[in-house]
Amino acid sequence: MNPQEVLALCRERDVKAVDFRFMDFPGLWQHFTIPVCRLSEDVFEEGLGFDGSSIRGWQAINESDMLVVPVPDTAFIDPFTELTTLNLICNIQDPITREDYSRDPRNVARKSVNYLKSTGIADTAYFGPEAEFFIFDDIRFDQSANAGFYYIDSVEGEWNRGKDTRAAGEGPNLGHKLRHKEGYFPVPPADQLMDIRNEMMQTMGMCGLDVECQHHEVGTAGQSEIDLRFNDMVTIADHLLMFKYIVKNVARKHHKTATFMPKPIFGDNGSGMHTHFSFWKDGNPLFAGSGYAGLSEMALHAIGGVLRHAPALLAFTNPTTNSYKRLVPGYEAPVNLAYSQRNRSAACRIPMYSPSPKAKRVEFRCPDPSCNPYLAFAAIMMAAIDGIQNKIGPGDPLDKDIYDLPPEEARTIAKAPGTLDEALDALQTDHDFLLRGDVFTQDVIDTWIAYKRTYEADAMRLRPHPYEFCLYYDI
């Protein structure tokens, strides 16, 4: 779609407002809106000015003037606004130099794609994320100097089996609560969110997203998954932001709340975002070959690069303190820095559903949906490129049941970082591969580490935890 076609769409759909979307540094969509009469072809070239001083992780107030430059082929009609609104995803530029802003996450992703092409390795990187999330009926939380708590509720939650719902004015308790870790694929009435997920899926289709399937996930209390078909890296990152927007707003429409927080419930599965990727050139897949699991030498070296740099990658793919409540050895998450064709406890898996060369890909299983997809996908791709360029071998595959290994053998398998601090430490010492082609600048790396340490890791470390009172109040 070009600017003329966007303007024609506005006339055809009687659009009244135009919303400009862009990404802050940590990974939340931001926006502002103009009347449709202010949208012209010139806006797609010249952009519109705004104050970026309050955007998290961006410039100080003395350098805060920014431009949003809308990308015409990202246009979609907002399915939730009362006034007919066209949404446009934007790039961010410096108004004086007209250079793309280095801390704009979408710019980092675009630069990584250009770098891939410049290497001659491939001309396209396809990514396919599988984002999991929870749909709750109620969420309350707070933290102050003298108190801290959270409370989650869900009509599906196992803890509600004995609830007297009549006394609460909610009608009879009809049972069919999902036991912990038994939420994978049961039909209604146990799966009580079928209609909501169908509406999410339908809304995504209306907005131009290519949905493959939807289903209940393993966890009790509304854990869900909707899978998008793979696409080129920048497009799929755009689509993932649309995906989150749709999930949250359809849930809200039904007086429910959706979260992509990696580990909201103790004792049950967290929400991951298994990320599939492959490289192509001239329309041909490059990861299919005659090696292990039908992989090419290039694919094996790409895995080697991802595994080599995985501790640093997790600072972007698992960027919250809560991420590491999911990444715990011996539980559901893949913390073993190894690869396998079928073993889901390995960080890199090679799906074997189809023998087609076009389906040959690598699945990086560590990431979770709290990440900024532009930065996370770009980092994964840069690690894979480094593996290919330097012919980094991935070692032997992990085709054993990790839980049955003797302790001395299990200890030899490298593990993912156990905390956000560990991942940030790894990024601090291992980021040269991200700087190539000026994809991630040193400023971006330093700002990311400083932001995450100050506002998340340190902020969490300084506060008492409610469970500490259970452990230590009577000490």
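## Cysteines, odd backbone angles and a charged patch

Modeller: Let's start with Cys207: its sulfur is 15 Å from the closest cysteine sulfur, in Cys10, too far for a bond. Before you ask more, this is a predicted model: local features need pLDDT of at least 70, side-chain atom pairs count only at pLDDT 80 or more, and totals for chains, interfaces and linings use all residues. Residues are numbered from 1 along each chain as its sequence is written, and side-chain values use heavy atoms, with hydrogens and water left out.

Biologist: How many disulfides does the rule give?

Modeller: A disulfide is a covalent bond between the sulfur atoms of two cysteines. The test here is a pair of cysteine sulfur atoms within 2.5 Å, and the count comes to 0 disulfides. Take Cys213: the closest cysteine sulfur, in Cys207, is 19 Å from its own, so that's too far for a bond as well.

Biologist: And is Cys207 buried or exposed?

Modeller: Buried means under 20% relative accessible area, exposed over 50%, and partly exposed in between (1.4 Å probe, protein chains only). Cys207 is buried at 9%, whereas Cys213 is partly exposed at 30%.

Biologist: On to the backbone. Which residues does the cis peptide bond join?

Modeller: Look at omega: it is about 10° at the cis peptide bond that joins Pro188 and Pro189. Pro189 sits in the loop between strand 9 (148-153) and helix 4 (194-206). Helices (H or I, at least four residues) and strands (E, at least two) are DSSP runs, numbered from the N terminus.

Biologist: Where is Lys181, and what is its phi?

Modeller: Lys181 is also in the loop between strand 9 and helix 4. Its phi is near 65°, a positive value in a residue other than glycine, and at 40% relative accessibility Lys181 counts as partly exposed. Arg98 has a positive phi too, near 60°. You'll find Arg98 in the loop between strand 6 (85-93) and helix 3 (105-119), partly exposed at 35%.

Biologist: Last one: which residues gather in the patch of negative charge?

Modeller: For a patch, take residues with over 30% relative accessible area and no salt bridge (a side-chain nitrogen of Lys or Arg within 4 Å of a carboxyl oxygen of Asp or Glu), then join like charges within 9 Å. Glu41, Asp42, Glu45 and Glu46 gather that way on the surface. Asp42 belongs to helix 2 (residues 41-46) and is partly exposed, with a relative accessible area of 47%.

Technical notes
Patch = residues over 30% accessible without salt bridge, like charges linked within 9 Å, V, L, I, M, F, W, Y side chains within 5 Å. Areas by Shrake-Rupley, 256 points an atom, 1.4 Å probe, with all protein chains shown as cover. Lys, Arg positive; Asp, Glu negative; His and termini not counted. Charge placed at Lys NZ, Arg CZ, Asp CG, Glu CD.
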